[in-house]
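This report is a short guide for a reader who is meeting the structure for the first time. Please keep the sequence and the model in view while reading.

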Amino acid sequence: MRVELREISPGRGSNMAISMGVISRMILYSLIFIANRVGAASIGVNYGRIADNLPSSNQVVQLLVSQNIDKVKIYDANAEFLQALANSGVSVMMMVPNELIQSIASSPSQAQVWINSNVLPYLPNTKITTIMVGNEILTGADPTLIPQLLPAMKNLYNSLEAAGLAQRIKITTPHALNVLDPNSSFPPSSGAFQPSLASSVMQPLLDFLAQTQSVFMLDVYPYFAYKADNGQHISLDYALFGTNSTGQDDPNTGLHYFNLFDAQMDAVYSAMSKLNHSDLQIVVSETGWPSAGAADDLGATLDNAAAYNRNLLRHVLANPPPGTPLKPGVAIDTYIFELFNEDLKPGDLIEKNFGLFYPNMTKVTYVSFSVDGSTSPGISASNAASSNKRLTGHNGFCLLCLVWCMEQILWNYLVLRPEESVRHAIH
């Protein structure tokens, strides 16, 4: 950080104006530090459009705003929706489709064209926070895209940097949980990436994310593990964050897991740690539970979908954040899958029934989107609690009081004692 103090003369009006600027900056940096310490986990929602009966983009944005959903993830860069988001207060994570990865990887100019066409026209009115390059590429149907993924990410990052946006918009890519080696996914401390991916693909990818201060995006679905297990080892209560779950122990660490979500998260944390990356934040890019399915889709019911989403929200938005047994206190930003049921989505019947809303914008099932039942997804943990909780930190002290005290100290130091402020100017 560099603060330049120019033409400072003790006792003159210019000194007070500059000092006030310094005070404002220092308070801002302190508030950011406090917010990070307290934790700011948030809930967003995925918006897929593989359907023929969805509302218009403007109606979708109105729904998001009416529900206080201020974070949305989309699977393309749809111009109509990006325009509809303008000045709505809803931030968006957008995606480069899989089919464009090869051309962007092979040509920096193509990356620039994509940024010029799909990002720049919508700024600053539309809050674009993240560009995701492809979807679940490392375990997808086209293995030829795997070596193209990181070059495409780098070219897009360089294009953002050239536009002065690299600090504002992150570049990343979402992963399915099966990037883990299936032979070492339990207990969580044994988590490791697939041998074919670990050193050749995942290591340089993690290095890039760390170097660019981005995040690791992970799709986490306790439902599919529960269904595949067929009730042999994973109880429904354990998969649903239920309070009656006795949980499972990790014999290597002695840590106890009360829910499957945390166990899956920690398996990936462990895998990243084995590649010397305990420094990366995981954002849960998808998680949810189907509300309907075929006869053999174990547990796919309205009640279970409501229970999962309700308990997930309570878990993620708790303040202070619980984190996971391996990463206690770490906030986990999470995007629920998904906003609407998608009637044209291929695959099993359950794939069409993850929505929080029907296409007519009525709720599939009632879910309280906060710890206290008064708010909706997209809000941060500090807003999920009551108003008095919003002003307190981990130990219950009042943040407003702390800010007031800080302001008085800085005023005394920088305004009433200007000679000291000049001597200790920050460079």
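## The chain as a whole

Of the contacts in the chain with a separation of 6 or more, what percentage is accounted for by residues 24 or more positions apart? In this predicted model, such residues account for 69% of those contacts. The secondary structure comes to 15 helices and 11 strands, and buried residues make up 50% of the 427 residues in the chain.

## Helix α2 and its two sides

Helix α2 spans residues 57–66, and its buried residues are Ser 57, Val 60, Val 61, Leu 63 and Leu 64. Around the helix axis these residues cover an arc of only 155 degrees, which puts them on the same side of α2. An α-helix has 3.6 residues a turn, so residues three or four places apart point the same way.

The buried residues of α2 pack against two strands, β1 (43–47) and β2 (71–74), and against the helix α3 (79–84). On the other side of α2, by contrast, Gln 62 and Ser 66 are exposed. After the helix comes Asn 68, whose phi is positive, near 60 degrees.

## Leu 85, a buried loop residue

Leu 85 has its place in the loop between α3 and β3 (91–96). Is this residue, Leu 85, buried or exposed? With a relative accessibility of 1%, Leu 85 counts as buried.

When residues up to four places away in sequence are not counted, Leu 85 touches Val 61, Val 72, Val 90, Val 92, Asn 125 and Thr 126. One of these residues, Val 61, is also among the buried residues of α2. Thr 126 lies 41 residues from Leu 85 in sequence, while the two are 5.7 Å apart in space, measured here as a computed distance from C-alpha to C-alpha.

## Helix α5 and its crossing with α6

In α5, the buried residues are Ala 111, Trp 114, Ile 115 and Asn 118. Seen down the axis of the helix, they fall within an arc of 95 degrees, so they line one face of α5. The buried residues of α5 pack against α3, β3, α4 (101–106), β4 (127–133) and α6.

Two packed helices are described by the angle between their axes and the distance between the axes. For α5 (residues 108–118) and α6 (residues 146–162), the axes come within 8 Å and cross at roughly 60 degrees. The two helices, α5 and α6, are therefore oblique to each other, and α5 passes α6 in a right-handed crossing. On the side of α5, the contact is made by Pro 108, Ala 111, Gln 112, Trp 114 and Ile 115, and on the side of α6 by Asn 155, Leu 156, Ser 159, Leu 160 and Ala 162. Sorted by class, the contact of α5 with α6 has seven nonpolar residues, three polar residues and no charged ones.

## Val 330, a partly exposed loop residue

Further along the chain, Val 330 has its place in the loop between α11 (302–317) and β11 (334–336). Val 330 has a relative accessible area of 31% and is partly exposed.

If its neighbours within four places in sequence are left aside, Val 330 is in contact with Tyr 269, Pro 321 and Gly 323. Val 330 and Gln 281 are 49 residues apart in sequence, and from C-alpha to C-alpha they are 8.7 Å apart in space.

Methods: Residues are numbered from 1 along each chain as its sequence is written. This is a predicted model: local features need pLDDT of at least 70, side-chain atom pairs count only at pLDDT 80 or more; totals for chains, interfaces and linings use all residues. Side-chain values use heavy atoms; hydrogens and water are left out. Buried means under 20% relative accessible area, exposed over 50%, partly exposed in between (1.4 Å probe, protein chains only). Helices (H or I, at least four residues) and strands (E, at least two) are DSSP runs, numbered from the N terminus. The arc is that of the directions from the helix axis to the C-beta atoms. Contact means heavy atoms within 4.5 Å. Axes are lines fitted to C-alpha atoms, for helices over the stretch in contact, and angles run from 0 to 180 degrees between N-to-C directions. Angles under 35 degrees count as roughly parallel, over 145 as roughly antiparallel, 65 to 115 as roughly perpendicular and the rest as oblique. A crossing is left-handed if the near helix is turned anticlockwise from the far one by less than a right angle, and right-handed if clockwise. Ala, Val, Leu, Ile, Met, Phe, Trp, Tyr, Cys and Pro count as nonpolar, Asp, Glu, Lys and Arg as charged, and the others, Gly among them, as polar.
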